[in-house]
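Hi everyone, thanks for coming along. Let's take a few minutes to look inside a protein together.

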Amino acid sequence: MPASITGLLRPDIAALEAYTPIVPLETLAERLGLPVERIIKLDANENPYGPSPRALAALAAVERDAPHRYAIYPDPDHTRLRAALSRYIGQPPERIICGAGSDELIDLLMRAVLRPGDVMVDCPPTFAMYSFDAALYGARVVPVPRTEQFDVDVEGVAEAVEREGAKLLFLAAPNNPTGTPLARSAVERLLDLPIILAIDEAYAEFAGTSVVDLVGTRPNLVVLRTFSKWAGLAGLRIGYAAMHEDVIAYLWKIKQPYNVNVAAEIAAIASLEDREERMTTVARIVAERDRLAAALAALPGVHVYPSAANFLLCRMTDGGAARARAIRDGLARRGILIRYFNRPGLDDCIRISVGRPEQNDALLQALEELA
Ligand SMILES: *Cc1c(COP(=O)(O)O)cnc(C)c1O
């Protein structure tokens, strides 16, 4: 492209490292020469049981009885979904906003807080979207690494916030990719800092704990949630956030009006109505997580970190990064996908999402063959 045209584009974006998105399942299956149904996908923490039966029935009913609903713009205020969420999380609808996945809400919150040069504290290793999005807004990301056991260095964060005049801190609880839970006492201590504290509870249903009850009484707290993992709706893109009325007003001002599509809102409401079925599924995944953790820990030269989520981080204490990559590749050849992170501090680790029992058995069998 002529320089006169690239000169019109943002040089700070040209300088950004390209984001590596996932390869679509169909492409992978083709590459491996396997039918899509044969692929065991344990690389993105999706729900191996799929969406709730009621969510599927609700979508089928629209197609059958009211297909025109898909021809009409969605409700920009997400009125019905926020009413249902209000009952689910025990916060008034005025403190709830919905997004196309919690990824959109992470982005919106950053837009509302960060101007170029502002500081965000990040606690790696963690979800990469935080530092990626912050960089897009020209914010300076100050890392305060987690401890060896991946706990948040609370006093280190407090010190960095003061030293750098940070405005924003994102913490995933439980953390991704490590599975580490975050103590409520740590959240309460961090809320005393002069920052906006965003707690990303993408895996809260698996952990069985939440700080969403603190929203409102602690005006600098933002809690992010999603239907992608426990509700099995990752492909429909639906998440939400709860925060104090004074803060949420900023997000409503900048939100695209039709950010949540009609199908996503219908499926999310039906999933909340199907809460019992969903929580049975969650319990099944948690039981499988513990079975899988014990079996993985029995493999020689593998350390399994404790997880409060629906995935397990494993470190190769023998063989290091080369072994981690070989396992990723060996499993892929057998049609089993897991996550490998080519990142400092994690390059000898793999992350495995918990699947259905038979999928986990296939994984363990393949790992034994590879070991
Ligand atoms: C999966 C994940 C998300 C993304 O959720 P979406 O609602 O699908 O955008 C957010 N935060 C963490 C920590 C995650 O692991």
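I'll talk about the nonpolar cores, then about a cavity. Please keep in mind that this is a predicted model.

Let's start with the cores. The largest nonpolar core holds 90 residues. Which residues have the most contacts inside it? They are Val157, Phe227 and Leu296. Helix H12, covering residues 262-273, gives this core its largest share, with nine residues. As for the domains, domain 1 (5-50 + 276-370) and domain 2 (53-274) each contribute at least three residues to this core. There is also a second core, separate from that one, with 25 residues. Among its members are Ala134, Ile196, Ala198 and Leu251.

Now let's go back to Leu296, one of the residues with the most contacts in the largest core. If we leave aside neighbours within four places in sequence, what does Leu296 touch? Its contacts are Val302, Val304, Leu312, Cys314, Ile352, Leu364 and Leu367.

Leu296 also brings us to the cavity, since Leu296 is part of the lining of the largest one. How many cavities of 30 Å³ or more are there? The count comes to one, and the volume of the largest cavity is about 30 Å³. Along with Leu296, the lining is made up of Leu299, Val302, Cys314, Met316, Ile327, Ile350, Ile352 and Leu367. Two strands, E10 (311-316) and E13 (349-353), each supply at least two of the lining residues. And is that lining polar or nonpolar? It has nine nonpolar residues, with no polar and no charged ones.

That's my tour, and I'm happy to go back to any part of it.

Definitions and conventions: Residues numbered from 1 in each chain as written. Predicted model: local features only at pLDDT ≥ 70, side-chain atom pairs only at ≥ 80, totals over all residues. Heavy atoms only, no water. 1 Å grid on protein atoms, 1.4 Å probe; cavity = no way out; pocket = protein on both sides within 12 Å on 5 of 7 lines; lining within 4 Å. Points joined across faces, edges and corners; volume = space filled by probe spheres on them. Helix = DSSP H or I, 4+ residues; strand = E, 2+ residues; numbered from the N terminus. Nonpolar A, V, L, I, M, F, W, Y, C, P; charged D, E, K, R; others polar. Core = buried A, V, L, I, M, F, W, Y, C linked by side-chain atoms within 4.5 Å. Buried < 20%, exposed > 50% of the residue type's maximum accessible area, 1.4 Å probe, protein only. Domains from an automatic or database assignment. Contact = heavy atoms within 4.5 Å.
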